[in-house]
Amino acid sequence: MMRDITIGQYYRADSPIHRLDPRVKIAGTFIYMVSLFFQKSILTYILAILTLVIVVKTSKVPFSFMVRGLKPIMFILLFSVLINMFFVPGEIVAKFWIFKITKEGMIQAGFMGVRLIILILGASLLTLTTTPNQLTDGLEKMFGCLKKIKIPVHEIAMMMSIALRFIPILTEETDKIMKAQMARGADLDSGNLIQKIKSMIPILVPLFVAAIRRANDLAMAMESKCYNGSDGRTKMKPLIYTKADKGAYLMEAAFLAVMIVLSVVSHKAGLSF
C-alpha cells in the first residue's frame with residue numbers, strides 16, 4: 001500500500017509534457033480541476049476524460065503506474081459514492097432498512113466517482129512530470145507579484161516543494177519500518193480495530209524520529225550553504241517561455257472555452273444532471 005502512493009513522485013521520461021514550462025503545467029492543472037467542479041454535463045465529462053487520456057499518452061507515464069495512486073484513497077472514493085447514492089432525494093429504486101437508493105442518487109454517485117478519479121489522476125500528472133525544483137520555480141514566478149504586498153512567495157513555494165519531496169521519502173521509510181517490524185514477529189494485519197491501531201505505534205514512533213532527523217539534516221545543509229531565502233538569489237536555469245509553451249497555453253484556453261460551450265449546450269438540451 002505504501003508503494004502505491006504516487007503523489008509527490010517524479011517519473012523521469014523524455015516527453016513533450018515533461019519539457020513544458022512548469023507554469024504552463026500548473027495553470028493547466030488548475031484550469032482542468034476548476035472546470036470539473038463547475039460542470040454538470042455528460043459531454044463535458046467525456047471531453048475531460050478524452051483530454052486526460054491524450055495528455056497521459058503524450059507524457060509517456062504508464063497508465064498502470066498512475067492508477068496505483070488511486071488505491072490509498074479508495075475508501076474515501078467509496079464513501080463519497082455511497083453518500084451520494086443513499087442521501088440524494090428522488091425516484092426510489094431500492095430500499096432496505098433506513099436506506100433508500102434513488103435513480104438521481106445513482107447518477108450523482110456515478111458522476112462523483114468519475115470526477116474524483118480524473119481529478120486525482122490529473123493532479124498526480126503534474127507532480128509525475130515536474131520535479132520539485134521546477135514546481136518551486138514555477139510557483140515563485142507565477143505569484144511573484146505578491147511580493148509587493150509582503151507575501152513570502154519564495155518561502156511558501158519552498159515549503160511546498162520540500163513537502164512534496166518528503167512524501168516519497170517518508171513512504172519508503174514507512175515501508176522499511178513495517179518490513180522490519182514484521183521480520184521481528186509483529187502482526188500488523190490481524191485483530192480488531194483497536195489492536196490494529198496499537199500495532200501502528202511501533203511504526204509511527206520511529207517514523208516521526210526519522211522525519212525529524214531528516215528535517216534537521218536538511219536545515220543544517222541549507223544553513224551550511226548560506227541559504228537566506230529569495231533575497232539576492234539568481235537562477236542557473238531561468239524559466240523562459242518557448243513556442244511549445246505558448247501553444248500549450250492556447251490549447252488550455254481552447255479547452256476551457258469548449259468546456260463552457262458544451263456546458264451551456266448540454267444545459268439547454270437537457271443533458272445535465
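This is a short guided tour of the structure, going from the whole chain to a surface patch, a covered helix and several salt bridges.

**The whole chain.** Begin with everything displayed, and keep in mind that this is a predicted model. The protein has eleven helices and two strands, and from the N terminus the order of the elements is α-α-α-α-α-β-β-α-α-α-α-α-α. Its C-alpha atoms fill a box of roughly 65 × 60 × 40 Å along the principal axes. Of the 273 residues, 33% are buried, while the exposed area of the protein comes to about 17300 Å², with carbon and sulfur atoms supplying 70% of it. If you colour by charge, you will be looking at 33 positive and 18 negative charges, whose mean positions lie 4 Å apart.

**A nonpolar patch.** Next, select Phe75, Ile76, Phe79, Ile83 and Phe87, which make a nonpolar surface patch of about 570 Å². Phe75 belongs to helix H5, residues 74-87, and with a relative accessible area of 63% Phe75 counts as exposed.

**From the patch to helix H6.** Keep Ile76 selected and add Thr127, a residue of helix H6. The C-alpha atoms of Thr127 and Ile76 are 21 Å apart in space, and the two residues are 51 apart in sequence. Is Thr127 buried or exposed? Thr127 is buried, because its relative accessibility is 9% and the cut-off for buried is under 20%.

**Helix H7 and its cover.** Now select helix H7, residues 132-142, where the buried residues are Pro132, Leu135, Thr136, Gly138, Leu139 and Glu140. Showing the neighbouring elements helps here, since the cover over these buried residues includes helix H2 (22-37), helix H6 (103-128) and helix H8 (153-183).

**Salt bridges.** The structure holds five salt bridges, and three stops follow. The side chains of Asp14 and Arg19 meet with N and O 2.5 Å apart, and both residues are exposed.

Move then to helix H8 and select Glu172 and Lys176, which form a salt bridge with their closest N and O atoms 3.7 Å apart. These two residues are four apart in the helix, and so are separated by about one helical turn. In general, an α-helix has 3.6 residues a turn, so residues three or four places apart point the same way. Glu172 is partly exposed, at 44% relative accessibility.

Finally, select Asp175 and Lys179, likewise four residues apart in helix H8, where the closest N and O atoms of the salt bridge are 3.5 Å apart. Asp175 counts as buried, because its relative accessibility is 12%.

Note on methods
Residues numbered from 1 in each chain as written. Predicted model: local features only at pLDDT ≥ 70, side-chain atom pairs only at ≥ 80, totals over all residues. Heavy atoms only, no water. Buried < 20%, exposed > 50% of the residue type's maximum accessible area, 1.4 Å probe, protein only. Areas by Shrake-Rupley, 256 points an atom, 1.4 Å probe, with all protein chains shown as cover. Lys, Arg positive; Asp, Glu negative; His and termini not counted. Charge placed at Lys NZ, Arg CZ, Asp CG, Glu CD. Patch = residues over 30% accessible without salt bridge, like charges linked within 9 Å, V, L, I, M, F, W, Y side chains within 5 Å. Salt bridge = Lys/Arg side-chain N within 4 Å of Asp/Glu carboxyl O. Contact = heavy atoms within 4.5 Å.
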